[in-house]
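The exercises below are meant to be worked with the sequence and the 3D structure side by side. Each one sets a task and then goes through a solution step by step.

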Amino acid sequence: MIPPPTSTTLITLCFGVLIFIFIMFLPALLELKKPKDAGPRMILNDVAVLQQLQIVQKIPIANMEEDLRFDQTVVKKIANVIAMLPNLET
Amino acid sequence: MITKLLEVFFLILTALMTTYLIRHFIFTLTVLKNAQKRKKAVTVENTTYQPTVSTLIPARNEEQVIGRILQRMTELTYPKDKMQIIVIDDASTDDTGKIVEEYAKNYSYIKVIHRTSKEWGKVKASALNAGLKYAKSEIVLCFDADYYSQADIIEKLVAEFVDPKVGAVQGRVTVLNEPQNIVTRLVALERVGGYRIDQQARDSLGLIPQLGGTAFAIRRKLLESLGGWDESILAEDTDLTFRVYLAGYKVRYVNDAECYEEAVENWRAYWKQRCRWAKGHMQCAFKHSLKVLKSNNLLLKKKIDGLLLLNVYFMPILIWISWIISVLLFFSKPPQWLNALLTTIPLSFYSFVGNFAPFFEVGMGAYLDGRTRACWLIPLLIFMFLYNIVICTKAFTDLLTSKIFGKHTITWDKTVHSGSGNSYIMK
């Protein structure tokens, strides 16, 4: 038979559970506060291109759709120029 | 008598949870065992099989992201004379149509279909069926508008069709806007477990890899013979998976064929998306469970995996029912409470480490991806798991309501894409 719990046992148990929960979530809190994960995972061909170009940092691009909406002529000109360039990925 | 019944029901539920738990352990160990084996990579240089490919991109109000995927389509390494890209502008009220028209003008292989608000079928399957009418190629590929693929994804997907028994091929989905906030980071973790381990293991074990609704390819003739996508099912991808298998074909999963997606950015959007998935899966379970059992085209292991896959969205509901029963048993049989507690161990274990992709799967997937630091977030998945319990219960209640009262509650809550992922694309 298990003896009925005393108040000391109950307090220790509650305290233990709280500490367990704290320890369980501590790494997650640390990672959220100061993210060190390298995500998002880069898809393979982008990794290859980056290695070739030796680019390490992410470079945010301009919003493509904004350009398309507001200045179609510029987009057309750029598209014409790109069409003439050789495809570096092949 | 009631106590006896509860005990039996509780034991059945415990056995069911343990089955899922063992299944996921087998998946994880299989992938871990095969991790060292390197499959010969399909590259542009060594590809000999190059069928014609029609890519369907359904888009409704996707002005923030449609330009990104169309630009990517123009950068694909697959021969352009073998490509046809069909964008289905599904009665968009924003500038989606204009952007697509601009691309269609500049690239002859891009075609746009504009659907009016009268034609709009309110479900993705309807848009895909509209696009399928114009597809003339041997293989049909599907992408959502918020996706961004590898440049050589088509080569990698179509290579599997050399085997005539392969009916469809699924690629891997990776979250693009992962660093955005806690929701996107947790969704990314779920995806890691789901694709890197779950899908990979099912493929390796010859079970049932699932079509994910996007970044997948299917034989056009097979798709047409199946009658296209079922517009009455919210999870048209799961439905198609089982129809492919029941027709005697198989689905392959290619982990190297990767594609970015823009994950939902807040809990509300997560709720809508998962509720839709849950309802769709449950619809598929009702539709296909018996057919899977009776099928002559499926081996026993595929039947078991198929049934477990079809019914996975019922599990969160059964879990809270088990919790209630265990509490009732605990109080109704005080002298044997220790036994009851011992019985709950596997149940609690599943409950705490189990989600659709259990925590150990996620951890192993992140480890194999070389992202050990991401594992630090895994304990937070418990909140997603608890959230999923509520979501699945709501989905089930909605389905029941619509069945009993004939009330139509099956609506497609479309995920809104803000284009936040654009800033993470490497250029």
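A residue is called buried if 20 or more other C-beta atoms lie within 10 Å of its own, exposed if 12 or fewer do, and partly exposed in between. The structure shown is a predicted model, and the exercises should be read with that in mind.

**Exercise 1. Classify B:Ala215 and B:Asn61 as buried, exposed or partly exposed, and describe the backbone at each residue.**

Step 1. Locate the two residues: B:Ala215 sits in the loop between α6 and β7 (216–219) of chain B, while B:Asn61 belongs to the loop between β1 (53–59) and α2 (66–75) of chain B.

Step 2. Apply the cut-off to each count. B:Ala215 has 28 other C-beta atoms within 10 Å and is therefore buried, whereas B:Asn61, with 18 C-beta neighbours inside 10 Å, counts as partly exposed.

Step 3. Turn to the backbone. Most residues other than glycine have a negative phi. B:Ala215, however, has a positive phi near 55 degrees, and B:Asn61, which is not a glycine either, has a positive phi of about 50 degrees.

**Exercise 2. Determine how much confidence the predictor places in each chain, and where in chain A the mean pLDDT is lowest and highest.**

Step 1. Begin with the scores for the model, which are ipTM 0.75 and pTM 0.84.

Step 2. Take the chains one by one: chain B averages a pLDDT of 88, with 89% of the residues scoring at least 70, and chain A has a mean pLDDT of 71, with 59% of its residues reaching 70 or more.

Step 3. Look within chain A, where, among the elements, helix α1 (residues 7–33) has the highest mean pLDDT, 90, and helix α3 (residues 64–70) the lowest, 50. Over residues 53–62 of chain A the pLDDT is below 50, and this stretch has 10 contacts in the model beyond near neighbours in sequence.

**Exercise 3. Describe the secondary structure and the burial of chain A and of chain B.**

Step 1. For chain A, the secondary structure comes to 4 helices and 0 strands, in the order α-α-α-α along the sequence; of its 90 residues, 9% are buried.

Step 2. For chain B, there are 14 helices and 8 strands, and buried residues make up 50% of the 427 residues.

Step 3. Consider the contacts in chain B with a separation of 6 or more, of which 83% join residues that are 24 or more positions apart.

**Exercise 4. Identify the residues with the most contacts inside the largest nonpolar core, and say which parts of chain B contribute to this core.**

Step 1. The largest nonpolar core has 108 residues, and those with the most contacts inside it are B:Ile69, B:Val87, B:Val140, B:Leu141, B:Leu157, B:Leu189 and B:Ala217. Its largest share, 8 residues, comes from helix α6 (residues 182–204) of chain B, and the core draws at least three residues from each of domain 1 (2–33 + 310–405) and domain 2 (46–146) of chain B.

Step 2. Set beside this a second, separate core of 5 residues, among them B:Phe10, B:Leu13, B:Met17 and B:Ile325.

Step 3. Examine one residue of the largest core: B:Ala217 touches B:Ile139, B:Val140, B:Leu141, B:Leu157, B:Val158, B:Ala168 and B:Val169, leaving aside residues up to four places away in sequence.

Step 4. Return to helix α6 of chain B, which also holds B:Gly193. With 27 C-beta neighbours inside 10 Å, B:Gly193 counts as buried; its contacts, again leaving aside residues up to four places away in sequence, are B:Asp198, B:Ala357, B:Glu361, B:Val362 and B:Gly365.

**Exercise 5. Work out how helix α11 and helix α14 of chain B are arranged, and which residues meet where they pack.**

Step 1. Helix α11 (residues 315–332) and helix α14 (residues 381–405) of chain B pack with their axes 8 Å apart, at an angle of about 105 degrees. Angles of 65 to 115 degrees count as roughly perpendicular, so α11(B) is roughly perpendicular to α14(B).

Step 2. Name the residues on either side: B:Pro316, B:Ile317, B:Ile319 and B:Trp320 in α11(B) meet B:Asn388, B:Ile389, B:Cys392, B:Thr393 and B:Phe396 in α14(B).

Step 3. Follow α14 of chain B to B:Ser402, which lies in this helix and is partly exposed, with 14 other C-beta atoms within 10 Å. The C-alpha atoms of B:Ser402 and B:Gln64, which are 338 residues apart along the chain, are separated by 35 Å.

Conventions: Residues numbered from 1 in each chain as written. Chains lettered and ligands numbered in written order. Predicted model: local features only at pLDDT ≥ 70, side-chain atom pairs only at ≥ 80, totals over all residues. pLDDT = per-residue confidence, 0-100. Contact = placed C-beta atoms within 7 Å. Core = buried A, V, L, I, M, F, W, Y, C linked by C-beta atoms within 7 Å. Domains from an automatic or database assignment. Axes fitted to C-alpha atoms, helices over the stretch in contact; angles between N-to-C directions. Parallel < 35°, antiparallel > 145°, perpendicular 65-115°, else oblique.
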